[in-house]
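Visitor: Hello! Could you walk me through the charged side-chain pairs here?

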Amino acid sequence: ADIQNGLDSFTATLTPTVSGTLANAPLTFEWDFGDGQQIVKTATLDSITHTFTYPDVPYGEKVVTLTVKAGDNAVDSFSRTFILAPSRVYATKSNPNAQYPYATPETAASGIQTAIDAAYEGSEVIILPNTYTYNSGSATIKVYRNITLRGETGNFNDVVIDVNRRCRAMLITARNAVVRDITISNGTGGNNIQSSGGAGVRMQGGELRNCRITRNYSSDGVFATGVWCDNGKVINCLFDYNYNRGGHMSGLGVQAMGLSALVDGCVFTNNNSAGFYSWSQFRVGVITALDATVRNCFIAHNNFGHASAVSSGYVGVGIFAEAAIIENCTVVSNRFTSQASEFVNASAGVCGHSGAVFINNVVEDNYSPSGLNNYRFNSTVSITNCATKPIDTLTGSGLITAAEGDYIAIPGKPL
């Protein structure tokens, strides 16, 4: 068969082949499509098409059987399973009327993971609004199929996933999955970079859109308190009140890694790190971008506290960029409140290394006791059409001294 499963309706073409010796009697071929439709009889082994359509055919597995007959006697039979799945699967917090495959709000699954497990490639998993939190236990929600997981209303305040600081909140491993219109809160991580990184969300591809990432928590040894984005996309999200207690850390809001990684149209505000150590492999910032692209973002009123003086680490409270592109961003009023002697190379605004590119950004009114209030760049960084200060020590084109009122990097674009 050219296709064995589909959503709501699909047509399959079945092409049988013959092997062995034919019986000494005329052969007939009977197709039973397992969906209650009439059995189809043919005298030849030509290809045949069949359409499975809901509601004429119930959702679920359909066993298609081809029976070969010589006269009235069955010579052999062959079977293959086809699946007709709903294009929409619904989830709620608790539902005594839940019924597989959860294809209506009335029969919605009791739990988000149950709905994901019931969905097929290309399905939407729709989470019904709930004033309480989902998944308040200790299980990470795992998005391992190429589905769209979304809140029903489009307002991320209507669906809150809160794991009460017991585990990572969500793991996305499907490269084309989309998660949108939800709040992810109180994920936690610490002491192991790989297993604990991305306390809120760990992304291995996929897309996170119109989500609020808030109040996630990390301690020592974490890449990304909010979102660890490995070659995925984070679009139009709000990151606020994420917190690092102390220890080695990187990417308090998001750590974006890889040439395909994109952070676009996001707001980062009121994220706080009480203290941190900055080993050489940790690149400290509310946004840490490694080979990634960050654009159209607003980063303001974030604070990093006490830091250990580790000369091999790098800090840009607003953005740390290494071989990354930072474009059309506003970085303003971020604070590094440690002592100047503890980290002389810390910038409260942005830090650029290893060929990072900064284009059309506003970086102003940030504060660090080191004196590197707005930026720290090494000689490999490219800077074009940016507003900051001071600019007399910078090498670039189209640079202007930032002034009050410059806090929108793109005229007319809401940030």
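Visitor: How many salt bridges does the count come to?

Guide: Happy to help. This is a predicted model, where local features need pLDDT of at least 70, side-chain atom pairs count only at pLDDT 80 or more, and totals for chains, interfaces and linings use all residues. Residues are numbered from 1 along each chain as its sequence is written, and side-chain values use heavy atoms, leaving out hydrogens and water. With a salt bridge taken as a side-chain nitrogen of Lys or Arg within 4 Å of a carboxyl oxygen of Asp or Glu, the count comes to 9.

Visitor: Is Asp181, in its salt bridge with Arg180, buried or exposed?

Guide: The two side chains meet with N to O at 3.0 Å. Buried means under 20% relative accessible area, exposed over 50% and partly exposed in between (1.4 Å probe, protein chains only). Arg180 is partly exposed at 29%, whereas Asp181, at 5%, counts as buried.

Visitor: Which residue forms a salt bridge with Asp264?

Guide: Asp264 is buried, with 13% relative accessibility, and lies in strand 30 (residues 262-264). Strands (E, at least two residues) are DSSP runs numbered from the N terminus. The partner sits in strand 35 (residues 293-295), so the pair ties together parts 31 residues apart in sequence. At 3.0 Å, N to O, that partner is Arg295.

Visitor: How far apart are the closest N and O atoms of Glu364 and Lys389?

Guide: Glu364 is buried at 9%, while Lys389 is partly exposed at 37%. Their salt bridge has its closest N and O atoms apart by 3.1 Å.

Terms used. Helix = DSSP H or I, 4+ residues; strand = E, 2+ residues; numbered from the N terminus.
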